[in-house]
Amino acid sequence: MLRKEKIESPLAPGKIANHPYPFSQGWKVGGFVFTGGIAPEDHETGEIVEEDIDLQARRVFASLKAILEEAGSSLEKVIKVTVYLTDIKNKPGFEKVYREHFPRDAPGRMTAEVSFIGPGILLEMDAIAYV
C-alpha cells in the first residue's frame, strides 16, 4: 500500500497572508512528489513578491526547489510541470528563467493563460518529480 507523506519546507511559503483556502506545499507518494500550486510568495512573510515576471518566476523556482529537496528530490528529477500565466505576454520573461532551471531535457509541460490567480500574481506552477 502506498503511503502519503505531507511535505513542508521552511524555505517555501506555508501560508499565504489572509488566504481563505487551505493548501499543501506537496505530497510524497511512493517514489513521486506532487507539489501544490506554487505562487510567488515570500516564504517568510507570505506576501506576493513585486509584480515583475522575472522576480516572480525566480521566487516560484526557489520554492519549488525547496519543496523538492525537503522531499528528497530535486529540480533534475522533475518530469512534469503545469504553468499558469495571467498574461501570455509574460511568457518570454518566464521562459528565460525556466531555461535557466531546466537548460536541457526539460520536463513535460503545459502552459496556459488564465484570467486570475490572485492579486498581484502573474504566474503559478505545480510539478511532479520522482525521488
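## Salt bridges along helix α2

Helix α2 holds both E100 and K96, which sit four residues apart, about one turn of the helix. This is a predicted model, and in it E100 forms a salt bridge with K96, with the closest N and O atoms 3.6 Å apart. Both partners are partly exposed: E100 because its relative accessibility is 41%, and K96 because its relative accessible area is 47%. The pair belongs to a wider arrangement, as a network of salt bridges links D54, R58, K96 and E100.

The helix has another such pair to look at. E95 forms a salt bridge with K91, and here the closest N and O atoms are 4.0 Å apart. E95 and K91 are four residues apart in helix α2, so about one helical turn separates them. K91 is partly exposed, with a relative accessible area of 29%, whereas E95 counts as buried because its relative accessibility is 11%. Across the whole structure, a search finds 10 salt bridges.

## E95, R109 and Y98

Which residue in strand β5 does E95 in helix α2 pair with? E95 forms a salt bridge with R109, where the closest N and O atoms are 2.3 Å apart. This pair links distant parts of the chain, with E95 in helix α2, R109 in strand β5, and their positions 14 residues apart.

R109 is worth a second look. With a relative accessible area of 29%, R109 is partly exposed. R109 also lies over the face of Y98, at 4.3 Å from the ring centre. Elsewhere, the charged end of K4 sits over the ring of W27, 4.3 Å from the centre of that ring.

## Aromatic pairs around F61

Now to the rings themselves. The structure holds six aromatic pairs. In one of them, the rings of F61 and Y98 have centres 6.1 Å apart and planes at 65°, so the pair is edge-to-face. It joins distant parts of the chain: F61 is in helix α1 (residues 53–70) and Y98 in helix α2 (residues 91–101), 37 residues apart. F61 and Y98 are both buried.

F61 also pairs with F102: the ring centres are 5.8 Å apart and the planes are at 65°, so this pair too is edge-to-face. Here F61 in helix α1 meets F102 in the loop between α2 and β5 (108–113), 41 residues apart. F102 is buried, as is F61. Taken together, ring pairs link F61, F94, Y98 and F102 into a cluster.

## The nonpolar core

F61 turns up again in the core. The largest nonpolar core has 27 residues, of which F61, L64, V78, F94 and M125 touch the most other members. Two or more core residues come from each of α1, β4, α2 and β6 (123–130), and α1 gives the largest share, eight residues. Leaving aside residues up to four places away in sequence, F61 touches L75, F94, V97, Y98, H101, F102 and M125.

On helix α2, the buried residues are F94, E95, V97 and Y98. What covers the buried residues of α2 includes α1, β4, β5 and β6.

## S74 in its loop

A final stop is S74, placed in the loop between α1 and β4 (78–85). Is S74 buried or exposed? S74 counts as buried because its relative accessibility is 15%, which falls under the 20% cut-off. A polar contact of 3.0 Å joins its side chain to that of E76. S74 and A129 are 55 residues apart along the chain, and 7.7 Å separates their C-alpha atoms.

Key
Residues numbered from 1 in each chain as written. Predicted model: local features only at pLDDT ≥ 70, side-chain atom pairs only at ≥ 80, totals over all residues. Heavy atoms only, no water. Phe/Tyr/Trp six-rings, centres within 6.5 Å; stacked < 30°, edge-to-face > 60°. Buried < 20%, exposed > 50% of the residue type's maximum accessible area, 1.4 Å probe, protein only. Lys NZ or Arg CZ within 6 Å of the ring centre and 35° of its normal. Polar contact = N/O pair within 3.5 Å; in protein donor to acceptor, adjacent residues only side chain to side chain. Core = buried A, V, L, I, M, F, W, Y, C linked by side-chain atoms within 4.5 Å. Contact = heavy atoms within 4.5 Å. Salt bridge = Lys/Arg side-chain N within 4 Å of Asp/Glu carboxyl O.
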